[in-house]
Structures are given as structure tokens and as C-alpha cells.
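Trainee: Could we take a close look at just one thing here, the salt bridges? I'd like to know who pairs with whom, and where each partner sits.

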Amino acid sequence: MFIRKRRGWEIPEREATPEALYLDRRTLVRGLAAGPLLLAGGGLAGCYEQATASHDDVQVAEAPPDPTAGLYPVTRNLRYRIDRPLTDEEDAVTYNNFYEFGSHKTIHRAAQALKIRPWTVTIDGMVEEPMTIDIDALIRKMPLEERVYSHRCVEAWSMVVPWSGFPMAKLVELARPLSSARYVVMRTFHDPELAPGQRQHWYPWPYLEGLTMEEATNELAFMVTGVYGKPVPRQMGAPLRLAAPWKYGFKCIKSIVQFSFTDMRPVSFWEEIQPREYGFWANVNPEVPHPRWSQATERTLSGGRIPTKLYNGYGEFVQHMYKDMEGERLFA
């Protein structure tokens, strides 16, 4: 009779990661970020579920009032109307990506640990004079307005929200970049003691994103400081984030602390992790699928599934920037 003796390094087949899960890079990375590597007797999916539950149970002391709360609500700019209803506020503020605090969508509780005061923003690189400015001073310098934008995530879900803030072109004007600057690079905060997701070494922290100067000064590029007539909450990128509605949401970096002007194109956060799936430009296009799913339609947070539009419906404002760019991968 043949008796098979299991070697010390072998594990039972039932404990192996399923092939489909292994091949799904984003699900795998999320599972790793959510908890320990394959706990004995449990699989990756189990770790993810446990981690989600533990994050949801986080108890965080109530944050002090935002010093700029009295500035909101602000006047809505009607130039940017869209033919979809606003997403319910509760849906929008409780379904978020914020990998600094974890990889699940119910990150809003854990994200309350983010300390948004004091907060300074550094402007440096190819500028006439580098500066560091307090966030409250920056907000009060700027012409605040409200814009209703559609936000389209690369994961094929979307929402329509009333952002408050100011045109990014005004920040560029304040920065006074040199004529040789071609890109603006944005970085988020980096505090692994505060943000548990930043302890995961397989991510290239801090989160980094970039735009060309033409994109940064396009009238749609918007620096967000509020939403739904109030200061923007932590899980949505307080106290300062980007809204670039013609691009997929991962380009819209949250909780920005630095703007650097440069003549070299940066490699952004998700592009560094998986360049085959996430490119620099990341413009929305329903006819260009993600390697693992279609982008032809999107799930709305407060409704059903709808067709996706080229440039997320903002082509009239942005398509001129991408003419004569054959050979560039313009869509993620």
C-alpha cells in the first residue's frame, strides 16, 4: 500500500489560494493589505472579511470643528450642469477608497483618525519661489464655488456630487511656475503611525499623482475643499483633494500636502504598482476595457447601471488636449 508522507513545508490543498483569486491582482493586494498573510487554517478572503469587520468597529473620538466650516455653502457654478441627479449624501460619504486607512469601501470610520489641523501645503520645484502655506490661509485666499461633477471610478462605479473648492488654475497662478515646467506632481501625507495602510510595504507610499500643466490649468481641474455644502470629510480627502472629472477616480488624489512643478513626467502610485492596468493619463473611455472588466457601463451609487461616456461626458472641455497624441495610452 502506498503511504504518502507530507513534507513539512506542504499545506493541505484546501488551504491554497484559489487560482482565480491569485490571478486577480487587485483583489490579492486588497486581501494582503487587509490582514496577515494567510492565517493558518484560513484563506485570503476570510482575512479580508475579518479585517473589514474590525475596521468598521473602530471607535474614533469626535473631531474638532473645521475652522473653515463657516465658509460653506458657496455659490454653485451652473456652467457644469449634468443630466443626472445628485447621489444621496449618505451613499457618497460612506462608500470610499482611501488606501491609506485600508482597502475596503467602508473606510469612513477608520479615516476619522486623520488629523487635518494643523495642515500645511508645500509648493516647490520649478517655481519662482517655493512656499509652504497653511491650509486655512490657502482656502481663504481662493475664490470658492460649488461645482456638480460626475465622479467615475476605474472599478466601474460612479457618483454625482456637489464639490466645493476652487479652480486648480488659481493654485498654479499662486505657485508661479517657471515656463519650463511641464507637469505638476501631487503627494499626499505620509504617516504610517496614523494611517495603517501606509505600513504595507508593497505599496509605494506616499500616494503620488500628476497632471500636465495644460491639464492642471484646464477649467475643469478643481481643488476640492468641501462637498454637500460642508467641509470635505476625511474619507473623501480632507482637507484638500483633486477633482478631475474626465479621468478615472484614482487620479483624483486625496489629502494633498505637496505640489511640485517639474519638467519630467512622474510615475503615479497605481502606475508604479501595475502599469499594464493603470496608466498616467487614465482618461475615461467606454470602448477601452480594463484588462479584467468592461468599462462600457457603470454602477451608480444611488441608482442602477448606466452607459459610460467618453471623457465621462466632459469631452467638450478636454478632448482638444489630446489631439495628435498617437502612440500614447490615453485611457487606463
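Trainee: Which residues are linked in a network of salt bridges?

Mentor: That would be Asp-66, Arg-117 and Asp-136. The bridges are scored on a predicted model, where local features need pLDDT of at least 70 and side-chain atom pairs 80 or more, while totals for chains, interfaces and linings use all residues. Numbering runs from 1 along each chain as its sequence is written, and side-chain values use heavy atoms, with hydrogens and water left out.

The whole structure yields 18 salt bridges (a side-chain nitrogen of Lys or Arg within 4 Å of a carboxyl oxygen of Asp or Glu). Beyond the network of Asp-66, Arg-117 and Asp-136, let's go through three pairs.

Start with Glu-298 and Arg-84, whose side chains meet at 3.4 Å, N to O. Those two come from distant parts of the chain, 214 residues apart: Glu-298 belongs to strand S11 (residues 297-300), and Arg-84 to the loop between helix H3 (44-56) and helix H4 (89-94). Helices (H or I, at least four residues) and strands (E, at least two) are DSSP runs, numbered from the N terminus. How do the two partners sit with respect to the surface? Glu-298 is buried, at a relative accessible area of 1%, whereas Arg-84 is partly exposed at 22%. For the cut-offs, buried is under 20%, exposed over 50% and partly exposed in between, with a 1.4 Å probe and protein chains only.

Next comes the bridge between Glu-155 and Lys-105, with an N to O distance of 3.0 Å. Glu-155 is in the loop between strand S3 (145-152) and strand S4 (157-167), and Lys-105 is in the loop between H4 and strand S1 (120-125), so this bridge ties together parts 50 residues apart in sequence. Here Glu-155 is buried, with a relative accessible area of 17%, and Lys-105 is buried too, at 13%.

The third pair is Glu-128 with Arg-176, where the closest N and O atoms are 3.2 Å apart. Glu-128 sits in the loop between S1 and strand S2 (131-134), and Arg-176 in the loop between helix H6 (168-175) and strand S5 (183-188), so parts 48 residues apart in sequence get tied together. Glu-128 is exposed, its relative accessible area being 52%, while Arg-176 is partly exposed at 38%.

If you lay the glutamates side by side, Glu-298 is buried at 1%, Glu-155 is buried at 17% and Glu-128 is exposed at 52%. Do the same for the basic partners, and Arg-84 is partly exposed at 22%, Lys-105 is buried at 13% and Arg-176 is partly exposed at 38%.

One last check is confidence, since H3 came up as a loop boundary for Arg-84. The protein has a mean pLDDT (the predictor's confidence in each residue, from 0 to 100) of 86, with 81% of its residues at 70 or more. By element, H3 has the lowest mean, 34, and strand S9 (residues 241-243) the highest, 99. Residues 1-58 stay under 50 in pLDDT, and for them the model has 69 contacts (heavy atoms within 4.5 Å) beyond four places in sequence.
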